[in-house]
Amino acid sequence: MLMIGIILVVIFVLLLGFFVHRSRQKRVQLMLQRNAQQTTNQAVTVALVALTKQHPDQVSFSNQEVAQSQVNSKIWGRGVLLFSFEIRLQQPTVDLVTLKEQFETTLNRSAIEQGLVAASQQLQPFVISDSWQQAGQWHVDVAFTANQATVNYVRDMQKVTTPTEA
């Protein structure tokens, strides 16, 4: 009887330790995600102000605005630093390819000036992983490649969107 009690206590202690450890991991992950989101929001704000100056007839973003994002890691997995932005457009249709390229260039120039780096030397600090237009809004998914999970996500997305040679 004593042996069964000891086994139950050991199992209980192990389970308790597991749940405490998991809870701490979640809190740390959430804190890292919030910091990355704040950093990304700031960088996107700077880039959007510059982009609006370059294309005032296409993008609508004022100096007083602060870009606000939605977290996409629940969709793509734990640790992926992916944030979605909705940006007002001045016209019903714009050249998203050119706009996206200029936005990504401006975003990464700002990131480098701030000392931000990617977890992989082959990538920029920020990668626009998706971009589309809907109902006068430009939807942009920005990946902050500060950790390996996000680097893996970006590489996977590049495999999907880049045609392979036969």
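This briefing goes through the helices, the strands, the aromatic pairs and a few single residues of one protein chain. The model is predicted, and the mean pLDDT of the protein chain is 84, with 92% of its residues reaching 70 or more. Confidence varies between the elements: helix α2 (residues 73–76) has the lowest mean pLDDT, 62, whereas β5 has the highest, 92. Where pLDDT is low, the predicted coordinates should not be read in detail.

**Strand β5 and its partners**

- Strand β5 is largely enclosed by the rest of the structure, because 7 of its 8 residues are buried.
- On one pairing, β5 is joined to β3 by 7 bridges, and these two strands run antiparallel; within this pairing, E86 has H139 of β5 as its bridge partner.
- Strand β5 also pairs with β4, again in the antiparallel sense, over 8 bridges, and here S131 stands opposite V140 of β5.
- The strands β4 and β5 form a hairpin with 2 residues between them, and in this hairpin A135 takes a positive phi near 50°.
- A135 has this positive phi although it is not a glycine, and with a relative accessibility of 78% the residue counts as exposed, because that value is over 50%.

**Helix α3**

- Helix α3 covers residues 96–113, and its 18 residues should span 26 Å at 1.5 Å a residue; the end C-alpha atoms are 25 Å apart, which agrees with that expectation.
- The buried residues of α3 are L96, L99, F103, T106, L107, N108, S110 and A111.
- These buried residues of α3 pack against a helix, α1 (2–54), and against the strands β1 (59–60), β3 (82–89), β4 (126–134) and β5 (137–144).
- Just after α3, the chain reaches G115, which takes a positive phi of about 85°.

**Helix α4**

- Helix α4 covers residues 148–161, and for its 14 residues a span of 20 Å is expected at 1.5 Å a residue; the end C-alpha atoms are indeed 20 Å apart, so the two values agree.
- The buried residues of α4 are T150, V151, Y153, V154 and M157.
- Seen down the axis of α4, these buried residues fall within an arc of 160°, and therefore they line one face of the helix.

**Aromatic pairs**

- A search of the whole structure finds 3 aromatic pairs, and two of them are described here.
- In the pair of F103 and W138, the ring centres lie 5.5 Å apart and the planes stand at 65°, so the pair is edge-to-face.
- This pair links distant parts of the chain, since F103 belongs to helix α3 and W138 to strand β5, 35 residues apart.
- Both partners have little accessible area by the figures: F103 counts as buried at 1% relative accessibility, and W138 is buried with a relative accessible area of 0%.
- In the pair of F126 and F144, the ring centres are 4.9 Å apart and the planes are at 25°, so this pair is stacked.
- Because F126 lies in strand β4 and F144 in strand β5, the pair ties together parts that are 18 residues apart in sequence, and both F126 and F144 are buried.

**Buried residues in loops**

- F61 lies in the loop between β1 and β2 (70–71), and with a relative accessible area of 11% it is buried, because the value is under 20%.
- Not counting residues up to four places away in sequence, F61 touches T45, L48, V49, T52, V66 and A67.
- The C-alpha atoms of F61 and A47 are separated by 10 Å, and the two residues are 14 residues apart along the chain.
- T145 lies in the loop between β5 and α4, and at 0% relative accessibility T145 counts as buried.
- Leaving aside neighbours within four places in sequence, T145 is in contact with a group of residues that includes V117, A118, A119, L123, Q124 and P125.
- The contacts of T145 also include F126 and V127, as well as T150, V151 and V154; T150, V151 and V154 are among the buried residues of α4, and F126 is the partner of F144 in the stacked pair.

Methods:
Residues are numbered from 1 along each chain as its sequence is written. This is a predicted model: local features need pLDDT of at least 70, side-chain atom pairs count only at pLDDT 80 or more; totals for chains, interfaces and linings use all residues. Side-chain values use heavy atoms; hydrogens and water are left out. Helices (H or I, at least four residues) and strands (E, at least two) are DSSP runs, numbered from the N terminus. The expected span of a helix is 1.5 Å times one less than its number of residues. Buried means under 20% relative accessible area, exposed over 50%, partly exposed in between (1.4 Å probe, protein chains only). Contact means heavy atoms within 4.5 Å. The arc is that of the directions from the helix axis to the C-beta atoms. pLDDT is the predictor's confidence in each residue, from 0 to 100. Rings of Phe, Tyr and Trp (its six-membered ring) pair if their centres lie within 6.5 Å; planes under 30 degrees apart count as stacked, over 60 as edge-to-face and the rest as tilted. Two strands pair if DSSP finds at least two bridges between them.
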